[in-house]
Amino acid sequence: MTLDPGTEALARLAEERVDHRFKGLPPDAGGLTVGELAAQRRNLFSDGFATPVLALSAERLEHNLALMETYAARHGLAFAPHGKTSMAPQLFQRQVEHGAWGITLAVPHQVRVARAFGTRRVFLANELVDAPALRWIAAELERDADFRFVCYVDSVRGVGLMDAALKGTSRPVDVVVELAAGEGARTGVRTEAECAAVADAVAGTETLRLVGVAGYEGEVPEADPDRVHAYLRRLVALAVEFDGAGRFAGTDEIVVSAGGSAWFDAVADVFATVPELSRPVLKLLRSGAYVSHDDGHYREITPFNRVPGEGALEPAFRLWAQVVSRPSPEQAFANAGKRDAAYDLHLPFAQVVRRDGTERPATGIEVTGLSDQHTWLRTAPGADLEVGDWVGLGLSHPCTSFDKWQLIPVAEADGTVVDYIRTYF
C-alpha cells in the first residue's frame with residue numbers, strides 16, 4: 001500500500017538518528033534511530049537520561065486530547081486547535097485523530113511544517129500579506145484539491161496586497177474578516193462599518209473569497225464574562241449581517257471562529273445562539289494550550305474552573321533537573337534554566353524530589369529565579385534536599401515550553417518512555 005506524503009513524513013520521524021542535537025536523551029543512545037530508542041522502552045529515571053530533561057505524561061496527554069474532543073462535540077463545535085503551541089506534527093495528527101477539523105496556525109513557516117506532514121485543513125489566525133508566502137500557499141491550493149486554507153483580513157490595504165500577490169492564480173484564497181476585540185486590542189477591524197469596507201474590497205477581487213468572520217476573545221480589554229460574551233455576540237451579529245447582505249454567496253459554508261484557551265466556555269455559550277443562516281455554519285473553536293495544559297497560567301484561567309462538571313485538563317509537562325550545588329541551608333541550585341524552562345508568565349514550580357528511586361513532595365522548596373542554565377531554589381528550614389537529587393518542576397505556559405525542546409520523551413506514570421515528540425520551531 002502506498003502511503004500519502006504526509007503519512008510517510010510522519011513515519012520517517014522514527015528514522016531520525018539520535019545525536020547531540022537532542023537535549024536530555026541518553027548519551028549511549030547516540031546513533032540509534034528514534035524508533036529504535038522508543039522500542040527499548042527505557043526508563044526516564046534509571047536508563048541513562050541526562051538532566052535537564054523535559055517529559056510529557058503519556059496518560060495526561062491522552063486525557064487532554066480526549067477531553068477536548070468530547071467538549072467540542074458536546075457543544076456542536078468544529079475544532080481547529082492552535083498548532084503554534086506545540087509545533088509537533090505527531091500531536092497535530094493525534095488531534096485530528098481525536099476529531100479536529102484541522103489545525104490553526106499563525107505564520108507561513110508553521111503552515112509549511114503542517115503541510116510537510118500532511119495537514120489538510122489550516123486556519124491561519126493572522127493577517128497574511130507576505131507575497132512569497134501567499135504565492136506558495138496558492139501553489140499548494142492548486143497542487144492539492146483537498147487542501148483547505150482560511151486566513152484573516154482586517155484592512156482594505158491588506159486585501160490589495162494579497163490581491164496583487166495572487167494575480168494569475170486559479171483558486172481563490174478563502175478569508176474571514178477579523179473583528180477586533182475592542183479599542184487597544186490586537187489586530188482586527190475596529191468597527192462594523194470598517195468590516196463592511198474590508199468585505200467590499202474582498203468582493204472586488206478574483207483572488208480572494210469571503211467565507212466568514214472571526215476574532216480572538218482573549219484580547220478583550222479588561223476581560224470578564226460579560227465583556228467577553230458581549231464581544232462574541234458582536235461577532236455573531238456581524239456574520240448574520242454579512243449573510244443578510246449576500247456577502248457569502250460564493251461559499252458553501254459560513255465560518256464563524258473564535259476561541260483561545262481562557263474563554264472557550266463563552267465561545268460555546270454564544271455560538272450555540274447562532275441562528276440559521278443561508279448556508280451551513282462552521283463554528284470553529286481554536287484553543288491550543290489544552291494539549292499539554294500547565295501548572296501555572298492555564299491552570300489558573302482554564303474555563304473548566306468555571307464549568308467543573310464538564311471535566312478537567314491535566315498538566316502533562318514536567319521538567320526534571322538535578323541539584324548540582326547546595327551552598328547554604330537556605331539555597332540550592334539545579335541544572336535547568338531559561339534555556340530549558342518557560343518563564344514568561346510564571347517561574348517553574350518545584351513539585352517533587354527523587355532520590356534513590358523514591359519520589360516525594362518538594363516540601364519547603366521554592367523556585368525563586370532562573371539563570372541561563374541554573375534554577376535558583378530557596379529551601380525552608382528542614383527541607384530535605386541534597387546534591388544529586390532530581391527535582392521535578394511544573395511549568396507555566398506550554399507555548400514557551402515546547403519551543404525549547406526538539407525531541408521530547410513521552411513517559412508513562414512509572415517512567416517508561418514510550419514515544420518521542422519532534423518539534424519544529
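Two rings of Phe, Tyr or Trp (its six-membered ring) form a pair if their centres lie within 6.5 Å. This model is predicted. A search of the whole structure finds 13 such aromatic pairs. An open sheet of eight strands and a buried histidine, His 293, are covered too.

**Aromatic rings**
- The ring centres of Phe 333 and Trp 376 are 4.8 Å apart, with the planes at 70°, so this pair is edge-to-face; planes over 60 degrees apart earn that label.
- The pair links distant parts of the chain: Phe 333 is in strand 11 and Trp 376 in strand 15, 43 residues apart.
- Phe 333 counts as buried at 12% relative accessibility, because the cut-off is under 20%.
- Trp 376 counts as partly exposed, at 33%.
- Phe 45, Trp 320 and Trp 390 are linked into a cluster by ring pairs.

**Charges over rings**
- Lys 23 places its charged end over the ring of Trp 405, 4.0 Å from the centre.
- Arg 115 does so over the ring of Phe 147, at 3.9 Å from the centre.

**The open sheet**
- Its strand order is 2-9-8-7-6-5-4-3, with parallel pairing.
- Strands 2 and 3 stand at the edges with a single partner each, so one side of each has no neighbour in the sheet.
- Strands 7 and 8 run parallel and are joined by three bridges.
- In strand 8, Val 256 stands opposite Val 213.
- Helix 9 lies across strands 6, 7 and 8, at about 145° to strand 7.

**His 293**
- His 293 is in the loop between strand 9 and helix 11.
- Its relative accessible area is 4%, so His 293 is buried.
- Among the residues it touches are Asn 64, Tyr 298, Leu 313 and Pro 398.

Terms used
Residues are numbered from 1 along each chain as its sequence is written. This is a predicted model: local features need pLDDT of at least 70, side-chain atom pairs count only at pLDDT 80 or more; totals for chains, interfaces and linings use all residues. Side-chain values use heavy atoms; hydrogens and water are left out. Helices (H or I, at least four residues) and strands (E, at least two) are DSSP runs, numbered from the N terminus. Buried means under 20% relative accessible area, exposed over 50%, partly exposed in between (1.4 Å probe, protein chains only). Contact means heavy atoms within 4.5 Å. Two strands pair if DSSP finds at least two bridges between them. Axes are lines fitted to C-alpha atoms, for helices over the stretch in contact, and angles run from 0 to 180 degrees between N-to-C directions. Rings of Phe, Tyr and Trp (its six-membered ring) pair if their centres lie within 6.5 Å; planes under 30 degrees apart count as stacked, over 60 as edge-to-face and the rest as tilted. A charge sits over a ring if NZ of Lys or CZ of Arg is within 6 Å of the ring centre and within 35 degrees of the ring normal. Lists of a residue's contacts leave out its neighbours within four places in sequence.
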